[in-house]
Amino acid sequence: MYYGSGNYEAFLRPRKPKDVDKKSAYIVGSGLASLSAACFLVRDGQMKGEKIHVLEKDPIPGGACDGYEYKQVGYVMRGGREMDNHFEVMWDLLRDIPSIETEGVSVLDEYYWLNKEDPNFSLMRATKERGKDGETNGKFGLSDKAAKQIMKLFFTTDEDLYNKKITDIFDDEVLNSNFWLYWRTMFAFENWHSALEMKLYLKRYIHHVGGLPDFKALRFTRYNQYESMILPMIKYLEEHNVDFVYDCHVTDVRFEIKGDKKLAKKLVYKSKEGEKTIDLTEDDLLFITNGGCVENSTMGSQNEVAPFKPELKEGGGWDLWKRIAAQDKSFGNPEKFCYDPEQTNWMSATVTTLDDKITPYIQKICKRDPHSGHVVTGGIVTVRDSSWLLSWTFNRQPQFRTQKDNELVGWIYGLFTDKKGDYIKKTMRECTGKEICMEWLYHMGVPEDEIEELATNSANTVPVMMPYITAFFMPREKGDRPLVVPEGSVNFAFLGQFAETPRDTIFTTEYSMRTGMEAVYTLLDVERAVPEVWGSTYDIRDLLHSSYALRDGKKITDMELSFIEKFALNKAISKTRGTDLEKLLKKYKLID
Ligand SMILES: Cc1cc2nc3c(=O)[nH]c(=O)nc-3n(C[C@H](O)[C@H](O)[C@H](O)COP(=O)(O)OP(=O)(O)OC[C@H]3O[C@@H](n4cnc5c(N)ncnc54)[C@H](O)[C@@H]3O)c2cc1C
């Protein structure tokens, strides 16, 4: 497997890999990583679908990428996926996955046209004091000291960030800024999370920094991501006769390790038919999604709490990874991520409005008609003075194909589930859907004497607790996540958020899909480059623009510097005079 960029190999159809007709594949899990692996096996590996078996413990596919209507409970989407134009692997694949909406077009075409016609941006990024403008005013509000801390992180080596927390790198200069408000709520970072991942994010999305205050950097699918992404991939795979086995818990994988050679030998699973074992040979490729951000997630309802149940059980992603990791050092260190769910949980709630009584409050804040079918909030709105640090969003409606015309389906989430609310004097995790809705309505500015009535009769709210949702953000070091294909592996690979691939950032659809592509391309030796992570971090234009944007448009010459630093800066600038570098610095408004 090797990386490439540009279009020389992008349009290439690889030749059939050697011996692929002798091989078969077993894929543990049916999340985006697994589905992508299956698609790449079919499209580029040219493996027959009949020889690909997807083993999923849940009754439906999709894993973390969800969006369903549960009978008697209502609509639920645990998340809303913010996406990017530079999800290189995703678009490499989705250009070949037919849309299930429109005949003859791909999922990529559909997504591109939608976002071209109706670009995403927010007209209100944050509120305070019960529905008033949060007055972030499109600014990052970083002091020069804070900007220097960010710049220092950007250039710190990965090794120096192993096992460090964000608070080891940033102090209140950064943590009290709008920058941190945008960042932590958009990406769900907590202050105690990994400084290394924070750095990787900064580098990965440096081209989007200017678009953070109003989300013009983001793109979204037409419906929830289960309907817009998972269903078309499933249809494509089913049409290629890929075998899906649901309610199938893989409980163990046994490896034979002889010298440098590592072979997956046995797969143990429990399904409706009881416990079974599959003996694997060198020609049986095994793809394992290890760990999982929605493992142990629970659902409540309008009148029920979503219980916090972090105990790990046999047949789940964490238990499986622990059993695997016990067999070889190169299979990672799951404990590092799952040892303390208090540091990795948060909750979301899906709210469905049932009539038009709540709509004016949404409209007043987002400044758009929520029923127009176009962008509504344009990304999350953060309630900056909420004790739970609530954020909420309504994407283009309908979010579900079955939704009624008068309904709006939106998403609320809170980063601090152990804090008491500002209106509901309970922690978020102690609240029913209705109570979470009441806390939200309070922050939307609904008069207090109307809050309960609206939450009871004008909305249905379903909470979800996810004890391990940010497990991947826990501080880590090299080796804590296994490589996608560990050294010496003959027939197996790891997939998803807890497999290691360089430069890309976790908690993204792209990361999962990338691991799927890299795994297939390595194990089958596919003769085509995997598109490298977008290289904006090496592009001086993006670096200059982000320097300008992060400092809210101030020139570098206006930076607070010591006498010696100022002298050095002026000398460096004088050396650019009359060169292309001077032109660039001027173009990006960093000098006069
Ligand atoms: C709330 C939320 C918000 C998000 N926001 C964004 C966003 O804004 N932008 C973005 O790009 N991405 C976002 N994501 C991330 C994205 O959705 C995930 O990264 C991606 O869907 C994960 O896919 P995966 O295949 O790696 O893992 P998963 O989806 O977790 O899939 C793993 C699958 O394996 C199955 N499994 C686990 N153990 C076993 C076993 N032992 N036997 C059989 N099956 C097993 C699980 O049931 C699951 O189906 C968000 C996710 C969530 C939950």
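This passage describes the ligand site of a predicted model and the setting of one residue, Ile-288. In this model, local features need pLDDT of at least 70 and side-chain atom pairs count only at pLDDT 80 or more, while totals for chains, interfaces and linings use all residues. Residues are numbered from 1 along each chain as its sequence is written, and side-chain values use heavy atoms, with hydrogens and water left out.

Let us start with the ligand. Its shell holds 38 residues, with Glu-56, Ala-64, Glu-82, Thr-509 and Ser-512 the closest; a residue counts here if one of its heavy atoms lies within 4 Å of the ligand. By class, the shell has 14 nonpolar, 17 polar (Gly among them) and 7 charged (Asp, Glu, Lys and Arg) residues. At least two shell residues come from each of α1 (32–43), β9 (249–258), α9 (317–325) and α14 (509–524), elements taken as DSSP runs (helices H or I, at least four residues; strands E, at least two).

Polar contacts, pairs of N or O atoms within 3.5 Å, involve oxygen atoms of the ligand. A side-chain N or O atom of Ser-512 lies 2.7 Å from a ligand oxygen, a backbone N or O atom of Thr-509 lies at 2.8 Å, and a polar side-chain atom of Gln-497 at 3.0 Å. The protein covers 97% of the 1,000 Å² of accessible area (Shrake-Rupley, 1.4 Å probe) that the ligand has on its own.

Next comes Ile-288, in strand β12 (residues 284–289). This residue counts as buried (under 20% relative accessible area) because its relative accessibility is 0%. Beyond residues up to four places away in sequence, Ile-288 touches Val-28, Val-253, Phe-255, Leu-320, Ile-324, Ala-493, Phe-494 and Leu-495, with contact meaning heavy atoms within 4.5 Å. Of these partners, Ala-493 is 205 residues from Ile-288 in sequence, yet their C-alpha atoms are 6.3 Å apart.

Notes. Polar contact = N/O pair within 3.5 Å; in protein donor to acceptor, adjacent residues only side chain to side chain. Buried < 20%, exposed > 50% of the residue type's maximum accessible area, 1.4 Å probe, protein only.
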